[in-house]
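Student: I would like a close look at a single part of this model. Please pick one strand, follow its pairings, and then work outward to the side chains around it.

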Amino acid sequence: MMHRNLHRLLTMIAGLVVLLGGAGCSSQPPAGLGVQADGRLRLCPDRPNCVSSYDSADDKAHYIEPFVGDAAAWSSLTHVIGAQSSLTIVARQEYYLRAEATTRVLRFVDDLEFLFQPDQGLIHVRSASRVGYSDFGVNRERLERIRQQLRHP
């Protein structure tokens with residue numbers, strides 16, 4: 001009896017994972033990504049699943065410091081991202097890079113954007129979840145790991 005109930009529970013969980021996994025990987029990038037008309041990356045929506053170096057420093061939920069970096073750091077960023085199995089570069093221009101981060105189990109996708117401003121020695125960053133309300137700090141943590149990897153290749 002207990003074995004049968006456990007089997008039912010595991011079957012239900014597996015079905016939910018398949019259902020949610022399909023929904024996660026089928027999501028399309030939101031409209032409006034990329035460099036905006038004002039030369040900046042898009043600000044975060046009013047949900048705690050996004051961080052951006054262009055949001056106000058007073059907005060502790062969304063603001064993250066830009067990366068400090070020169071042309072060598074900008075070039076290294078491609079290698080740092082490429083070395084991570086969960087990240088895929090999907091757009092690259094001279095001073096702009098967009099990558100997608102895909103979670104292992106549910107296949108949810110987050111969009112990461114980087115904008116190099118060589119005259120300021122900065123790489124502005126933005127990372128946002130496509131679905132859901134909260135990301136439990138995952139986008140911030142991912143960008144901070146990338147920041148550390150750029151500092152210590």
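**Strand 6 and its surroundings**

Tutor: Start at one bridge: Phe67 has Ile123 of strand 6 as its partner. Keep in mind throughout that this is a predicted model. Phe67 belongs to strand 2 (residues 67-68). Strand 2 and strand 6 run antiparallel and share 2 bridges.

Strand 6 has further partners. Strand 1 (residues 50-52) pairs with strand 6, again in the antiparallel sense, over 3 bridges. There, Cys50 sits opposite Ala128. Strand 5 is joined to strand 6 by 8 bridges, also antiparallel. In that pairing Asp110 stands opposite Ser129 of strand 6. Strands 5 and 6 form a hairpin with 4 residues between them. Gly121 in this hairpin takes a positive phi near 65 degrees.

How many residues of strand 6 are buried? The count is 8 of the 8, over residues 122-129, so the strand is largely enclosed by the rest of the structure. Take the two faces in turn. One side carries Leu122, His124, Arg126 and Ala128, all buried. The other carries Ile123, Val125, Ser127 and Ser129, and these are all buried too. Both faces are therefore covered, and the cut-off behind "buried" is under 20% relative accessible area.

Now move to strand 5, which spans residues 109-117. Glu113 lies in this strand. Is Glu113 buried or exposed? Its relative accessible area is 0%, so it counts as buried. Its side chain reaches the backbone nitrogen of Gly34 at 2.6 Å. Beyond its neighbours within four places in sequence, Glu113 touches several residues, including His124, Val125 and Arg126. Other contacts of Glu113 include Leu33, Leu41, Tyr96 and Arg98.

Next, the aromatic rings. The whole structure holds 3 aromatic pairs. One of them joins Phe67 and Phe114. Their centres are 6.2 Å apart and the planes meet at 45 degrees, a tilted pair. Phe67 is in strand 2 and Phe114 in strand 5, 47 residues apart, so this pair links distant parts of the chain. Both Phe67 and Phe114 are buried.

A second pair is Trp74 with Phe116. Why is it called stacked? The ring centres lie 5.4 Å apart and the planes are at 10 degrees, so the pair is stacked; the cut-off for that class is under 30 degrees. Trp74 is in helix 2 (residues 71-82) and Phe116 in strand 5, so the pair ties together parts 42 residues apart in sequence. Trp74 is buried at 5% relative accessibility. Phe116 is buried as well, at 6%. Ring pairs also bring in Tyr95, giving a cluster of Trp74, Tyr95 and Phe116.

Go back to Cys50, the residue opposite Ala128. A search of the whole structure finds 1 disulfide. It joins Cys44 and Cys50, with the sulfur atoms 2.2 Å apart. The angle about the S-S bond is -70 degrees, a left-handed link. Cys44 and Cys50 are both buried.

Finally, the setting. The chain has 3 helices and 6 strands, in the order α-β-β-α-β-β-β-β-α. Of its 153 residues, 37% are buried. Among contacts with a separation of 6 or more, 53% are between residues 24 or more positions apart. The chain exposes about 9,100 Å², with carbon and sulfur atoms supplying 59% of it.

Key
Residues numbered from 1 in each chain as written. Predicted model: local features only at pLDDT ≥ 70, side-chain atom pairs only at ≥ 80, totals over all residues. Heavy atoms only, no water. Buried < 20%, exposed > 50% of the residue type's maximum accessible area, 1.4 Å probe, protein only. Polar contact = N/O pair within 3.5 Å; in protein donor to acceptor, adjacent residues only side chain to side chain. Contact = heavy atoms within 4.5 Å. Phe/Tyr/Trp six-rings, centres within 6.5 Å; stacked < 30°, edge-to-face > 60°. Disulfide = S-S within 2.5 Å. Areas by Shrake-Rupley, 256 points an atom, 1.4 Å probe, with all protein chains shown as cover. Pairing = 2+ DSSP bridges.
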